[in-house]
2 protein chains.
Amino acid sequence: MSQSVDRALTLVRALADGPKTLDQLAERIDVHKSTVLRLLRSLETHRFVQRDGVHYYRLGTGLFDLAHRALEDRDVRRLVEPALRELNAATGHTVHLATFEGGEVVYIDKYESRHNVRMYSRIGKRAPLYCTAVAKVLVAALPEPERRRLAESIDYVGFTGATITSAPAYLAELQQVAERGYALDNAEHEDFIHCIAAPIRGTGGEVLAAMSLSVPELVLDLDGVLRLVPDLLAAARAASVECGWTAQPPE
Amino acid sequence: MSQSVDRALTLVRALADGPKTLDQLAERIDVHKSTVLRLLRSLETHRFVQRDGVHYYRLGTGLFDLAHRALEDRDVRRLVEPALRELNAATGHTVHLATFEGGEVVYIDKYESRHNVRMYSRIGKRAPLYCTAVAKVLVAALPEPERRRLAESIDYVGFTGATITSAPAYLAELQQVAERGYALDNAEHEDFIHCIAAPIRGTGGEVLAAMSLSVPELVLDLDGVLRLVPDLLAAARAASVECGWTAQPPE
DNA sequence: GACCTCCATTGCGCTATATGCAACGGCCAT
DNA sequence: ATGGCCGTTGCATATAGCGCAATGGAGGTC
């Protein structure tokens, strides 16, 4: 492991919650400020950080550029975009796209609700596996042993009264999701927010991603949200077709 | 300057154009693959990089997370969002938001056109100073000596027949933009694409950002685009008000 | 307008640290 | 079952990163 790389990345992450001075950063990683200066210089060269006025450093635009370039290069995201926009336009609710990678579920696209509500989500953010609809869909698509392994490695935290907090309960839920073809988050992550999610499939029928609708109870109650399931499934099917999926008759 | 940080960041940037194997990366920065392995480990710890299958490394989700968090924390972006969405919805054309920082103009938000056209732009991407409407607006807002310094430091490249390719011509254009209150890119960057941009102002009347409309000629001709200027200015004014700007009567 | 203070910056010498090498071991394919 | 390939690790070495202290510039105050 590389000490200076580690320190440099820690600096970058520290800068993510706002510009900082040299001394603040030095204190953060507990080294002499001349050391910080030199690390920042390397980061600056690559446009990961930039000076903000005389005394402050902030994240650089190279970071945004990199992140978006990588995001844009993902085929799923590009292919699925029209379906997401369409669903967002038709329903007016928040639409998310998420994938499973490296044992985590990550939002890779988001379309804001037309109602002015803010959700506790963001592109790039990881979604908890056991209390979000997208994660349920994605984990339910894994082979059973993998599912079990994941379920048992989770540290279940009860966000709301409805949160699933045990591996068996989670596995049962996944089973149901797999059979039903869509997932529900019944205010299990945030109070008064319901989500439904469906899988997006590729050429071989494998699950590439999940798309979801998130609706605050104030805007529409649970029954209302469940009535949107057909729309969601239709959008997910359209997205799947874009990704090369062809409906196979169950033999 | 820190050698290992430099190498690590070079790796990250290399991974931006797609997953790579250990050996490819080793070759890229010309070091022993064991060294690459160790650098990657540090990057992996911070979720900047992740393994993709057995033989490949790809960018990690920590990068997306970081980038979006920093982007979201920008007050301008958040405050201005409704005005951008509204303009996008009303016109159906591509809407950009850009700021000036560190001598560069960077797109920090984008709303896609309803017509299915792809633009050569992206959040995080730098906009050339001399042939984009947003950059003209932002540079025109700088004090004169700074404008001149910038104009003279530019390496003018003729993207299209209409591109401005000299400092004097650029400075004259900026002057006009400052007086007129909006900027025009008359197919100066991409052939057959016209853009108009207007400044977004803050409490003291200072220019915080620029918003623009981009329209392919196939969809609407130049005159048509110019007829959208009042809409653009209205949106920019609304955005400015959100940012604390209060119209001052010219004394 | 001059002085003073603060803080970024740099040159230097030392040590910790990153590096290359070579050997190991797991995995896949033949 | 065996061979080769590639990721991984232990070790010795040199180097690169580090802290220190001195420098210099900019801004603020009297």
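**Close-up 1. Helix H3(A) at DNA strand D.** In this predicted model, H3(A) contributes 4 residues to the surface near DNA strand D, the most that any element gives. The strand is surrounded by 19 residues, of which A:Val31, A:His32, A:Thr35, B:Gln3 and B:Ser34 are the closest. Two or more residues of this surface come from each of helix H1 (3-15) and helix H3 (33-45) in chain A, and from each of helix H1 (3-15), helix H2 (22-29) and helix H3 (33-45) in chain B. By residue class, the surface near DNA strand D comprises 11 polar, 4 charged and 4 nonpolar residues.

**Close-up 2. The contact between chain A and chain B.** Chain A brings 42 residues to the contact, and chain B likewise brings 42 residues. On the side of chain A that touches chain B, the elements giving two or more residues are H1, H3, helix H4 (61-72) and strand E4 (104-111) of chain A, and H4(A) supplies the largest share, 11 residues. This side of chain A is made up of 18 nonpolar, 13 charged and 11 polar residues.

**Close-up 3. The rotation axis relating the two chains.** A turn of 180° with a shift of 0.0 Å along the axis lays chain A on chain B with an RMSD of 0.1 Å, which is the relation of a two-fold axis. Both copies use the same surface, since 100% of the contact residues of chain A recur in chain B. Within chain A, the residue that comes closest to the rotation axis is A:Val5, whose C-alpha lies at 2.5 Å.

Conventions:
Residues numbered from 1 in each chain as written. Chains lettered and ligands numbered in written order. Predicted model: local features only at pLDDT ≥ 70, side-chain atom pairs only at ≥ 80, totals over all residues. Least-squares fit on C-alpha atoms with pLDDT ≥ 70 in both. Contact = placed C-beta atoms within 7 Å. Near = placed C-beta within 6 Å. Nonpolar A, V, L, I, M, F, W, Y, C, P; charged D, E, K, R; others polar.
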